[in-house]
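Here are a few exercises on side-chain interactions. Have a look at the sequence and the structure, and try each one before you read its solution.

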Amino acid sequence: VQLQACGGGLVQAGGSLRLSCAASRSLFSFKGMGWYRQPPGKQRELVGVITSGGSINYADSVKGRFTASRDNVTRTIYLQMNSLKPEDTAVYYCNAFDASFDYWGQGTQVTVSS
């Protein structure tokens, strides 16, 4: 399985970015897909996960600002990030999991300047 993430960049605080992640197989084949991030010098952390049933869970730090979504036709998931803060600066990773494995994209850098 390949996950190709893109959309990162440099943005000022208060700005917006949209990340996308294209999967090499049907999204229905996964139990869930989502986004994680790794801030500089810190461990990787959950941002948001979309389950196969359609429920979406977010980290408290991004609730109300970030929105995850999926397009089953294009096999792509998205992360719309609004009201960005400097503490959102991190490498963002796309993730998908099935009954056997976790799959990871290559990561995309998001930098929010104050």
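## Exercise 1: a salt bridge and its surroundings

Glu45 and Arg37 make a salt bridge, with 2.7 Å between the closest N and O atoms. Keep in mind that this is a predicted model. Your task: is each partner buried, partly exposed or exposed?

Solution. Start with the acid: the relative accessible area of Glu45 is 29%, so Glu45 falls in the partly exposed class. Now the base: Arg37 has just 4% relative accessibility, and since buried means under 20%, Arg37 counts as buried.

## Exercise 2: from pairs to a network

Work out how many salt bridges the whole structure holds, and which residues are joined into one network.

Solution. Step one is the count: searching the whole structure turns up five salt bridges.

Step two, take one of them, Asp88 with Arg65, whose side chains meet at 2.7 Å, N to O. This pair links distant parts of the chain, 23 residues apart: Asp88 sits in the loop between β8 (76-81) and β9 (90-97), and Arg65 in the loop between β6 (56-58) and β7 (66-71). Both Asp88 and Arg65 are buried.

Step three, follow the shared partners: the salt bridges connect Arg37, Glu45, Arg65 and Asp88 into one network.

For another pair, try Asp60 and Lys63, where the closest N and O atoms are 3.0 Å apart. Asp60 has a relative accessible area of 65%, and because exposed means over 50%, Asp60 is exposed.

## Exercise 3: inside the core

Find out which residues touch the most other members of the largest nonpolar core, and which elements give two or more residues to this core.

Solution. The core has 28 residues, and the ones touching the most other members are Met33, Trp35, Leu79, Met81 and Tyr92. Next, the contributors: β1 (3-6), β3 (17-23), β4 (32-38), β5 (45-51), β7, β8, β9 and β11 (108-113) each give two or more residues.

Now zoom in on Tyr92. Setting aside neighbours within four places in sequence, Tyr92 contacts Leu19, Tyr36, Arg37, Val47, Phe66, Leu79, Met81, Gly107, Thr108 and Val110. Among these contacts is Arg37, the buried partner of Glu45 from the opening exercise.

## Exercise 4: ring against ring

Take the aromatic pairs: how many does the structure hold, and what is the geometry of Tyr36 with Trp104?

Solution. There are four aromatic pairs. For Tyr36 and Trp104, the ring centres are 5.1 Å apart and the planes meet at 65 degrees, so you call this pair edge-to-face. Then place the rings: Tyr36 is in strand β4 and Trp104 in strand β10 (residues 102-104), so the pair ties together parts 68 residues apart in sequence. Tyr36, at 22% relative accessible area, is partly exposed, and so is Trp104 at 37%.

Compare Phe101 with Tyr103: here the centres are 6.1 Å apart and the planes at 55 degrees, so the pair is tilted. Phe101 is exposed at 52%, while Tyr103 counts as buried at 15%. Ring pairs also bring in Phe30, giving a cluster of Phe30, Phe101 and Tyr103.

## Exercise 5: charge over ring

Which rings have the charged ends of Arg44 and Arg70 sitting over them?

Solution. Take the arginines in turn. Arg44 has its charged end over the ring of Tyr93, 3.8 Å from the ring centre. For Arg70 the ring is that of Phe28, with the charged end 5.8 Å from the centre.

Methods
Residues numbered from 1 in each chain as written. Predicted model: local features only at pLDDT ≥ 70, side-chain atom pairs only at ≥ 80, totals over all residues. Heavy atoms only, no water. Salt bridge = Lys/Arg side-chain N within 4 Å of Asp/Glu carboxyl O. Buried < 20%, exposed > 50% of the residue type's maximum accessible area, 1.4 Å probe, protein only. Helix = DSSP H or I, 4+ residues; strand = E, 2+ residues; numbered from the N terminus. Core = buried A, V, L, I, M, F, W, Y, C linked by side-chain atoms within 4.5 Å. Contact = heavy atoms within 4.5 Å. Phe/Tyr/Trp six-rings, centres within 6.5 Å; stacked < 30°, edge-to-face > 60°. Lys NZ or Arg CZ within 6 Å of the ring centre and 35° of its normal.
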